Amino acid sequence: MYSASSGRRHERRFDTNRPELYEEVKLFRNAREREKYDNMADLFALIQTLQCLEKAYIKDAVTAKEYTEACSKLLAQISAAFNLVKSSTYQDIPTFMKEFYLDCPAALQRIEEGKPITVQDNQGNISKSIADVISLYITLCDKLQMDMRAKDELYTDLKCLADVLDRMSNLPSDFEGKTKVYFWVGELDKLSAADTLDEEQVRQMVFDLESSREAFVRTLG
């Protein structure tokens, strides 16, 4: 027959036989190991913060000036933090991110480029920017022709196109392609994510993007 006393005896036996269940689990055994894990946590948090900043800029939640200042500071902090973490196990930041399942593609791209997206390209990056611009023009026109007309299907590529054009210092300040792209960024800004362009807007946007691409190609000589 079960009794309260037998229950208590059972609890006492359990406590005695499995004391490890009540031991505190520690990641570190000394101050040096503790500092190592603190440094890794700092780097992890900084990369996540940069990812959030990139997404905020894409959504126009921060101004270009605010973004540039914050991004520059974060990139410097990440570089310093990684120097404290770098080892034979973590030879670069992509390896660190993979090890801890840190899915932050926008942050990784920014880290690899080493500067905010708003900072103008130097001559060494012009070729890449040209390829990116042509690719984005084609992608956007293809999406529209495949009847992908919702804001959330177009906005990211369109905003990226505007940013790349803005960074290209070799383009004339009055380049007509910029004006047309900025116009459509403004039009999509007025919509909610699920809103779609109507037939007339799609037709006009395709025309503007194609003529903008042709004007861009002409500037290349």
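A residue is called buried when its relative accessible area is under 20%, and exposed when that area is over 50%. Keep that in mind for the close-ups below, which show a predicted model.

**View 1. Tyr-57 and Tyr-67 stack their rings.** Seven aromatic pairs turn up in the structure. In one of them, Tyr-57 and Tyr-67 are stacked, with 4.3 Å from centre to centre and 25° between the planes. The two partners come from distant parts of the chain: Tyr-57 belongs to helix α2 (residues 31–58) and Tyr-67 to helix α3 (residues 64–85), 10 residues apart. Are these rings buried or exposed? Tyr-57 has 7% relative accessibility, so it counts as buried. Tyr-67 comes out at 0%, so it is buried too.

**View 2. Tyr-90 and Phe-96 meet edge-to-face.** A pair of aromatic rings is described by how far apart the centres are and by the angle of the planes. Here the centres of Tyr-90 and Phe-96 are 5.6 Å apart and the planes sit at 80°, so this pair is edge-to-face. Tyr-90 has a relative accessible area of 10%, so it is buried. Phe-96 is buried as well, because its value is 1%. Bring in Phe-100 and you have a cluster: ring pairs link Tyr-90, Phe-96 and Phe-100.

**View 3. Two lysines sit over tyrosine rings.** This view is about a charge and a ring. The charged end of Lys-36 sits over the ring of Tyr-37, 5.6 Å from the ring centre. Elsewhere, Lys-151 does a similar thing with Tyr-155: Lys-151 lies over the face of the ring, 5.2 Å from its centre.

**View 4. Gln-51 reaches over to Ala-106.** Look for Gln-51 in helix α2. With a relative accessible area of 13%, Gln-51 is buried. What does the side chain of Gln-51 reach? It gets to the backbone nitrogen of Ala-106, at 3.1 Å. Leaving aside residues up to four places away in sequence, Gln-51 touches Cys-104, Pro-105, Ala-106 and Ala-107.

**View 5. Helix α5 has a buried face.** Helix α5 runs over residues 105–113, and its residues Ala-106, Ala-107, Arg-110 and Ile-111 are buried. Why do these residues line one face of the helix? Seen down the axis of α5, the buried residues fall within an arc of 135°, so they line one face. The spacing makes sense too: an α-helix has 3.6 residues a turn, so residues three or four places apart point the same way. Flip to the other side of α5 and you find Pro-105 and Glu-112, which are exposed. The cover over the buried residues of α5 includes α2, α3 and α4 (93–99). Just after α5 comes Gly-114, with a positive phi of about 75°.

**View 6. Lys-143 and Asp-157 join two helices.** Side chains of opposite charge can pair when their charged atoms come close. Across the whole structure, a search finds 10 salt bridges. One of them brings together the side chains of Lys-143 and Asp-157, at 2.8 Å from N to O. The pair links distant parts of the chain, with Lys-143 in helix α6 (residues 126–145) and Asp-157 in helix α7 (residues 151–167), 14 residues apart. Lys-143 is buried, because its relative accessible area is 18%. Asp-157 also has a relative accessible area of 18%, so it is buried.

**View 7. Arg-149 has salt bridges to Asp-147 and Glu-199.** The side chains of Arg-149 and Asp-147 meet in a salt bridge of 2.7 Å, N to O. Arg-149 also forms a salt bridge with Glu-199, where the closest N and O atoms are 3.1 Å apart. How many residues apart in sequence are Arg-149 and Glu-199? Arg-149 is in the loop between α6 and α7, while Glu-199 is in helix α9 (residues 199–219), so the pair ties together parts that are 50 residues apart. The partners also contrast in how accessible they are: Arg-149 is buried at 15%, whereas Glu-199 is exposed at 58%. Over in another spot, salt bridges with shared partners join Glu-54, Arg-110 and Glu-113 into one network. You have met Arg-110 already, as one of the buried residues of α5.

How values were computed
Residues are numbered from 1 along each chain as its sequence is written. This is a predicted model: local features need pLDDT of at least 70, side-chain atom pairs count only at pLDDT 80 or more; totals for chains, interfaces and linings use all residues. Side-chain values use heavy atoms; hydrogens and water are left out. Rings of Phe, Tyr and Trp (its six-membered ring) pair if their centres lie within 6.5 Å; planes under 30 degrees apart count as stacked, over 60 as edge-to-face and the rest as tilted. Helices (H or I, at least four residues) and strands (E, at least two) are DSSP runs, numbered from the N terminus. Buried means under 20% relative accessible area, exposed over 50%, partly exposed in between (1.4 Å probe, protein chains only). A charge sits over a ring if NZ of Lys or CZ of Arg is within 6 Å of the ring centre and within 35 degrees of the ring normal. A polar contact is a pair of N or O atoms within 3.5 Å; within protein, one must be able to donate a hydrogen and the other to accept it, and residues adjacent in sequence count only if both atoms are side-chain atoms. Contact means heavy atoms within 4.5 Å. The arc is that of the directions from the helix axis to the C-beta atoms. A salt bridge is a side-chain nitrogen of Lys or Arg within 4 Å of a carboxyl oxygen of Asp or Glu.
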